[in-house]
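Biologist: I'm new to this one and keep tripping over the terms. Could you put it up and let me ask what stands behind each word?

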2 protein chains.
Amino acid sequence: MSSPPVCVLGLGLIGGSLLRAAATTGRQAWGYNRSAQVVDAAVADGFDASTDLTATLRRAAHADALVVIAVPMPAVGSILEAVAEHAPDVALTDVVSVKAEVAAAVAAHGLSRRFVGGHPMAGTAESGWTAGTAELFRDAVWVITVDDGTDPEVWRQVAELALDCGSVVVPAESGEHDAAVARVSHLPHLLAEALALSGAGGGDLALGLAAGSFRDGTRVAATAPPLVDAMCEGNAEALLVALDETLDVLTTAREQLADRSTSALTRAGHEARTRYEQRRRDPIVGTQPGDDGWIAVFREAGRRGGVWTR
Amino acid sequence: MSSPPVCVLGLGLIGGSLLRAAATTGRQAWGYNRSAQVVDAAVADGFDASTDLTATLRRAAHADALVVIAVPMPAVGSILEAVAEHAPDVALTDVVSVKAEVAAAVAAHGLSRRFVGGHPMAGTAESGWTAGTAELFRDAVWVITVDDGTDPEVWRQVAELALDCGSVVVPAESGEHDAAVARVSHLPHLLAEALALSGAGGGDLALGLAAGSFRDGTRVAATAPPLVDAMCEGNAEALLVALDETLDVLTTAREQLADRSTSALTRAGHEARTRYEQRRRDPIVGTQPGDDGWIAVFREAGRRGGVWTR
């Protein structure tokens with residue numbers, strides 16, 4: 001298994017960290033950013049970066065590099081347009097936090113053949129090149145999509161890059177990924193915001209009496225609002241499903257509380273938290289990317305919490 | 001300021017910790033528990049404890065001790081009956097997590113004159129004598145009620161005990177206390193249970209992708225369900241108000257999310273969390289318990305996050 005060069009388009013927190021991480025593993029790696037200031041900072045830090053998207057993509061096509069789209073969702077379309085023009089046959093992945101929308105945009109640009117979606121579930125409240133670090137992906141879950149027609153050779157290239165960065169690789173179909181992160185990543189933000197509001201609604205007395213349960217339950221409400229908006233609005237369809245379910249759960253709990261009982265909710269919630277604490281990451285064995293039926297096997301393994309390892 | 005003896009009725013986690021803490025400060029301290037097993041354990045640990053409620057209370061009356069009710073809410077009535085019979089004139093407080101209901105029970109037993117409610121906001125997931133520790137109250141907030149007619153001398157006795165135990169003293173009217181803890185202590189539990197359920201509803205894939213926001217947002221769902229039920233059901237009226245507000249907030253957010261915007265919620269939530277992070281504990285100065293209008297001054301100070309210090 002050779003390690004192809006990596007070309008990162010977008011050098012913000014995630015893309016910038018990926019350029020660093022890929023270079024650290026000894027791969028040839030270079031990046032593009034539209035801002036000269038960001039590129040200057042990357043070059044000053046010893047990395048290979050350019051503001052010339054066309055040249056960057058031609059170089060990727062020539063070197064048969066793995067191209068990683070690391071720009072925010074609104075910028076994905078224009079990047080794909082350039083890829084379709086200058087490097088239509090490269091192996092292509094992305095690190096955007098929603099997967100179905102990216103896959104649709106890739107298909108719209110005729111680039112699905114060698115595209116495999118990715119989502120490294122890593123980040124900080126910071127953003128930009130200067131916030132990046134080669135260690136950002138260490139022990140993080142990196143979802144790699146297994147949609148119909150996925151090229152097994154590209155899938156393996158993306159998975160090897162994720163493993164090289166120290167991540168845990170979980171395969172998932174794009175829509176299932178979006179539904180899952182709505183529940184465990186985007187809904188927690190909405191509930192944290194609502195809880196913070198409830199506390200503040202009680203004034204300084206309530207905030208003064210707040211202890212661990214409030215502190216932990218509102219922690220992510222400290223995230224910069226535009227970052228939360230981008231996540232939640234970008235996955236609105238799936239998040240609406242999760243939020244509606246939760247509104248139903250809380251409305252039922254409200255009725256039971258009016259009858260002086262919360263035990264149905266607390267028992268179910270405790271069981272759910274226990275299941276989370278006891279989750280396992282079983283390695284996928286016996287099937288390799290490209291084997292007959294591997295996509296169905298990998299999807300089902302991911303659904304059961306399985307991970308791909310070397 | 002002399003430190004009166006302390007008589008603790010009920011030697012579970014809170015009462016048992018309080019007996020230890022009071023003894024550690026050098027006060028004369030003794031306790032009662034109805035279980036011989038618990039009393040034997042306390043005595044074996046070197047503490048003064050008895051299963052004889054009548055004798056315990058007569059001793060308290062004779063020594064003019066501060067009597068602390070440290071039994072669960074359902075047992076408060078029968079304890080008050082015994083106090084009314086054997087020690088009707090002692091200074092009386094409690095450590096139960098709801099305050100209006102306790103105050104009403106005290107009034108029903110004709111014991112309001114020398115009663116001041118208390119709520120040390122400390123605890124662990126454990127319970128019982130063996131789980132107790134003299135350090136349980138260190139740096140915890142200890143709410144002491146300032147209801148109409150509060151005896152300033154008893155208030156000061158309770159506050160001195162709380163300070164001796166290392167706590168931070170916040171004055172609050174009973175009903176305002178209950179409304180505040182519904183928001184910052186009981187509602188967080190309901191939301192954590194609901195979030196855990198949402199994650200588990202996404203199966204092992206969702207639980208496998210869960211990171212910090214889900215882990216922290218569901219932490220208190222790991223609490224034993226009967227403990228959560230007791231807290232929430234015991235403060236149902238106030239919790240219904242907080243839960244209804246939150247259902248409104250989330251329902252509005254749901255409508256805005258359907259229009260692809262979460263910014264109203266995230267901005268307000270961020271502002272609320274920032275207010276929590278920046279909360280201050282200003283000491284009450286210029287007014288002492290018993291001064292003209294001290295109850296109104298202390299209530300207002302507590303509403304602004306103020307604390308009483310020596």
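Modeller: Start with the two domains of chain A: the C-alpha centres of domain 1 and domain 2 lie 31 Å apart. This is a predicted model, where local features need pLDDT of at least 70, side-chain atom pairs count only at pLDDT 80 or more, and totals for chains, interfaces and linings use all residues. Residues are numbered from 1 along each chain as its sequence is written, chains are lettered from A and ligands numbered from 1 in the order written, and side-chain values use heavy atoms, without hydrogens and water.

Biologist: How do you know where the domains of chain A begin and end?

Modeller: The bounds come from an automatic or database domain assignment. Domain 1 of chain A takes in 6-172 + 280-303, and domain 2 covers 178-278.

Biologist: What makes residues of domain 1 and domain 2 of chain A count as in contact?

Modeller: Heavy atoms within 4.5 Å. By that rule, nine residues of domain 1 of chain A are in contact with six residues of domain 2 of chain A. The buried area, meaning the accessible area (1.4 Å probe) that both parts lose on being put together, summed over both, is about 610 Å² for these two domains.

Biologist: And what is the buried area between chain A and chain B?

Modeller: About 7,900 Å², with 66% of it from carbon and sulfur atoms. Chain A brings 90 residues to that contact and chain B brings 91.

Biologist: Why is the pair Asp204(B) and Arg275(A) called a salt bridge?

Modeller: The term asks for a side-chain nitrogen of Lys or Arg within 4 Å of a carboxyl oxygen of Asp or Glu. Asp204(B) and Arg275(A) meet at 3.2 Å, N to O, so the pair fits the rule. Between chain A and chain B the count is ten salt bridges, while across the interface of domain 1 and domain 2 of chain A the rule finds zero.

Biologist: Why is Asp94(A) called buried?

Modeller: Buried means under 20% relative accessible area, exposed over 50%, partly exposed in between (1.4 Å probe, protein chains only). Asp94(A) has 1% relative accessibility, so the residue counts as buried.

Biologist: What does the side chain of Asp94(A) make a polar contact with?

Modeller: The side chain of Lys99(A), at 2.8 Å. A polar contact is a pair of N or O atoms within 3.5 Å; within protein, one must be able to donate a hydrogen and the other to accept it, and residues adjacent in sequence count only if both atoms are side-chain atoms. The side chain of Asp94(A) also reaches the backbone nitrogen of Gly118(A) at 3.2 Å.
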